[in-house]
Amino acid sequence: MNDVLILGIESSCDETAAAVVRNGREMLSNAIHTQINIHREYGGVVPEIASRSHVEKIDSVIDAAMNEAGITFDMLNAVAVTYGPGLIGALLVGVSSAKALAYAIKKPLVPVHHIKGHIMANFIAHPNLKPPFVCLVASGGHSHIVEVRDYTDFHILGRTRDDAAGEAFDKIARVLGLGYPGGAKIDVLAKLGNAEAVDFPRVRIDRDKNCLDFSFSGVKTAVINYLHKLDQNGQAYDKADIAASFQAAVTDVLCEHTLEAARKTDNKIIALAGGVASNSELRAKMTRLAVKEGIEVVYPPPVLCTDNAAMIACAGYYGYMKNDFADLTLNAVASLPLEDES
Ligand code: KG4
Ligand code: ZN
């Protein structure tokens, strides 16, 4: 069979990204323009500023992806684009660009779900990886445990009831004065601290019902209250100890639920995805615990954990193979559910 070349486009949050992937597995380019520096002074993503920056950058990012891949538009089989979930104004930029491009070059348009994209990053990082497996998707906006039954068949086993894991990392980093985005900064600082210094809560909702849902607002509040009390009493604390103890609480819960999901579904592979999947403690802990049960743990390199378009092109490949095309009425959907999400 001839090679299938897909251009992926991603603009759901604060990364403007385009990438070309061959046969769903081989990344020919991965262009990313991150807006982190623009949003840093506000301590978080400002939606309107994000949309405006996407509009400015998207054409040059697409050009960069095509040039880096060394191909021309006529060689593409399809254009894949994230159409949700995400910030609506940001998503509209990618969707409009992809539609205009697909129309102009007369190629099919493949709509991609952002979370499914995150999961697919594992197929690029691990060319021999095949479903079924269980995937923990933990990012700034999402925390899901998904059973990947096939390339286009996803089943949610657990999700957060409140904050996403990355959101909690970002909030605690801000409280500790580490800046935005904070996940990677907590990861680095935690290496210098004692993870047992403070026993922050590991929340387990409806344990008796074997519920795999997460709740991170409790641990977030516990850390904030703990620091507040110390501040009020004029007591000093070691930021590294707080970072390590907080990270230990969050990663314990992420590991426990994901391992239980793998056991429950009899899966022998756990994949990690999303920005929080680059957390070194999460990777090490999950691997250490899983290996004892004969479960393999895989994850993408950090550049494919955070938002990128290679993961969208990979998901686009599997959509293309199933003729899952959108017409030019495709719209962005801010809170797009995963296939069988209720
Ligand atoms: O996947 P992503 O780029 O965006 C969303 O789709 O939300 O994830 C960004 C999130 C941020 O909350 C960031 O703090 C977190 O991933 N993150 C980390 C690490 N690197 C990024 N969290 C913990 N440890 C890290 N090393
Ligand atoms: Zn994301």
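Helices (H or I, at least four residues) and strands (E, at least two) are DSSP runs, numbered from the N terminus. This tour uses those numbers throughout.

The model is predicted, so local features need pLDDT of at least 70 and side-chain atom pairs count only at pLDDT 80 or more, while totals for chains, interfaces and linings use all residues. Residues are numbered from 1 along each chain as its sequence is written, chains are lettered from A and ligands numbered from 1 in the order in which they are written, and side-chain values use heavy atoms, with hydrogens and water left out.

**Stop 1: helix 8**

Select residues 239-265, which form helix 8. The expected span of a helix is 1.5 Å times one less than its number of residues. For the 27 residues here that gives 39 Å, and the end C-alpha atoms are 39 Å apart, which agrees.

Now colour the helix by accessibility. Buried means under 20% relative accessible area, exposed over 50%, and partly exposed in between (1.4 Å probe, protein chains only). In helix 8, 21 of the 27 residues are buried, so the helix is largely enclosed by the rest of the structure. One residue to pick out is isoleucine 242, which lies in helix 8. Its relative accessible area is 2%, so isoleucine 242 is buried. Draw a distance from its C-alpha atom to that of valine 21: the two residues are 221 apart along the chain, and the atoms are separated by 41 Å.

Next, look at both ends. A polar contact is a pair of N or O atoms within 3.5 Å; within protein, one must be able to donate a hydrogen and the other to accept it, and residues adjacent in sequence count only if both atoms are side-chain atoms. At the start of the helix, a side-chain oxygen of aspartate 238 comes within 2.9 Å of the backbone nitrogen of alanine 240. After the helix comes aspartate 266, with a positive phi near 60°.

**Stop 2: ligand 1**

Select ligand 1, which sits in the largest pocket. On a 1 Å grid over the protein atoms alone, a pocket is an open set of points with protein on both sides within 12 Å along at least five of seven lines, whereas a cavity is a set of points where a 1.4 Å probe fits but cannot get out; lining residues have an atom within 4 Å of a point. A molecule sits in one of these if more than half of its atoms lie within 2 Å of its grid points.

The elements that give two or more residues to the shell around the ligand are helix 4 (114-125), helix 5 (165-175) and helix 6 (183-190).

Which atoms approach the oxygen atoms of ligand 1? Show serine 139, where a polar side-chain atom lies 3.3 Å from an oxygen of the ligand. For glycine 140, a backbone N or O atom is 2.8 Å from a ligand oxygen. For glycine 141, a polar backbone atom is 3.0 Å from one.

**Stop 3: cis peptide bonds**

Most residues other than glycine have a negative phi, and most peptide bonds are trans. Select proline 131 and proline 132: the bond joining them is cis, with omega about 5°. Proline 132 is in the loop between helix 4 and strand 6 (133-138). Then go to tyrosine 180 and proline 181, joined by a cis bond with omega near -10°. Proline 181 is in the loop between helix 5 and helix 6.

**Stop 4: positive phi in loops**

Select asparagine 23, whose phi is positive, about 55°, although it is not a glycine. This residue lies in the loop between strand 2 (15-22) and strand 3 (26-34). At 27% relative accessibility, asparagine 23 counts as partly exposed.

Finish at aspartate 206, where phi is near 45°. Aspartate 206 lies in the loop between helix 6 and helix 7 (217-232), and is partly exposed at 30%.
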